[in-house]
Amino acid sequence: MDGEELLQDGDMEASWSLLSWMASLLMVFGGSLPYVPQYQDIQRSNNSEGFSTRVCLVLLIANILRIFFWIGKQFELTLLLQSVLMILTMFAMLHLCCTVQNTNRVSTKQHRLSDLDLRYFWKWSVFEDYLLFCFGFTVLCAVVTLLLLDSAMFVETLGSLAVMFEAMLGFPQLLQNFHNGSTKGMSVKMVMLWTAGDVFKTVYFVMNDSPAQFWVCGSVQILIDVAILLQVISYSQDTRVKLG
C-alpha cells in the first residue's frame, strides 16, 4: 500500500512539474503571440494606420525596466525570458510599420530622431531611430541602476514603473481607435489574445507569489482589454447604422 501511495505521489509530482513547465513556456511565448495576427494583417493590407506603434513604445520601456528590475530583485527566470522575447517582437512590429509607411509615403520629407521635434516623437521614418532611442534609454537605465542598485526603495520603484508601463500597453490602441472613430486595421484577434493572456498571467502571478506589482498590472490590463473590445462592438454598430 505504501508503495502504491509513493507511486501515486510520484505521478502527481511529475504531472504537476509538466504542467508547471508548460505554464512557464506559455508565459515566455504567450506575450508575443497576440502580435502575430496583427503583423499578418499589416502585411496583407500594406497599411499600418489601424495599429498604434505607441503600444511598442510602452512595451519596450516596460520590458527594459523589467530586465533591470530582475537584476535588483531576481524573480522567475520565465519573466526575464518573456521580456527579452517581447523586446524582439516589438522591434519586428516597428520594422514592419516603418517599411509599410515608407512604401506608402507620398511626401519625401522624413522625420528623424536627430530633428529633436517632439511633435514627431515615436513617429520617425527610419527604423534605426527606434533602435537608437531604445539603446540610449537602456544605457541610461544601466547607469542609474548601477549607482542605486543597493537601494531597496529604488529597486521596488523600478519594478513599479515597469509594471505601470506594461499595464498601460493597451491604452495607446484605445486612444488610436477613439481618434480614428474606428477599429479598422486593428486585429481583433490580437485584442482577444491580449485578454486571454492577461487573465492567464494574472492567475499565474497570484499562484506563483510573484511581486504584487505584477498581478496589479495584469488586472489593469484586463480592464483596458475589455474597453477595447467594447469599442469594437460600438464602432461596428455605428457602421451598421450608417450603412442602414
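This is a short exchange on a predicted model, its helical spans and its two largest pockets.

User: What do the values rest on?
Analyst: In this predicted model, local features need pLDDT of at least 70 and side-chain atom pairs pLDDT 80 or more, while totals for chains, interfaces and linings use all residues. Residues are numbered from 1 along each chain as its sequence is written, and side-chain values use heavy atoms, without hydrogens and water.

User: What makes residues 77-100 a helical span?
Analyst: Helices are DSSP runs of H or I with at least four residues, and strands are runs of E with at least two, numbered from the N terminus. Residues 77-100 are 100% helix and 0% strand, with end C-alpha atoms 35 Å apart.

User: Why is the space of about 650 Å³ called a pocket?
Analyst: On a 1 Å grid over the protein atoms alone, a pocket is an open set of points with protein on both sides within 12 Å along at least five of seven lines; lining residues have an atom within 4 Å of a point. The largest pocket holds about 650 Å³, a volume being the space filled by probe spheres set on points joined across faces, edges and corners. Among its 26 lining residues, Glu49, Thr53, Gln101, Lys123 and Gln176 are closest to the centre.

User: Which element gives the most to that lining?
Analyst: α7, with six residues.

User: Which residues lie nearest the centre of the second largest pocket?
Analyst: Gly30, Gly31, Leu193, Gly197 and Asp198, out of 22 lining residues. α8 supplies the largest share, seven residues.

How values were computed:
On a 1 Å grid over the protein atoms alone, a cavity is a set of points where a 1.4 Å probe fits but cannot get out, and a pocket is an open set with protein on both sides within 12 Å along at least five of seven lines; lining residues have an atom within 4 Å of a point.
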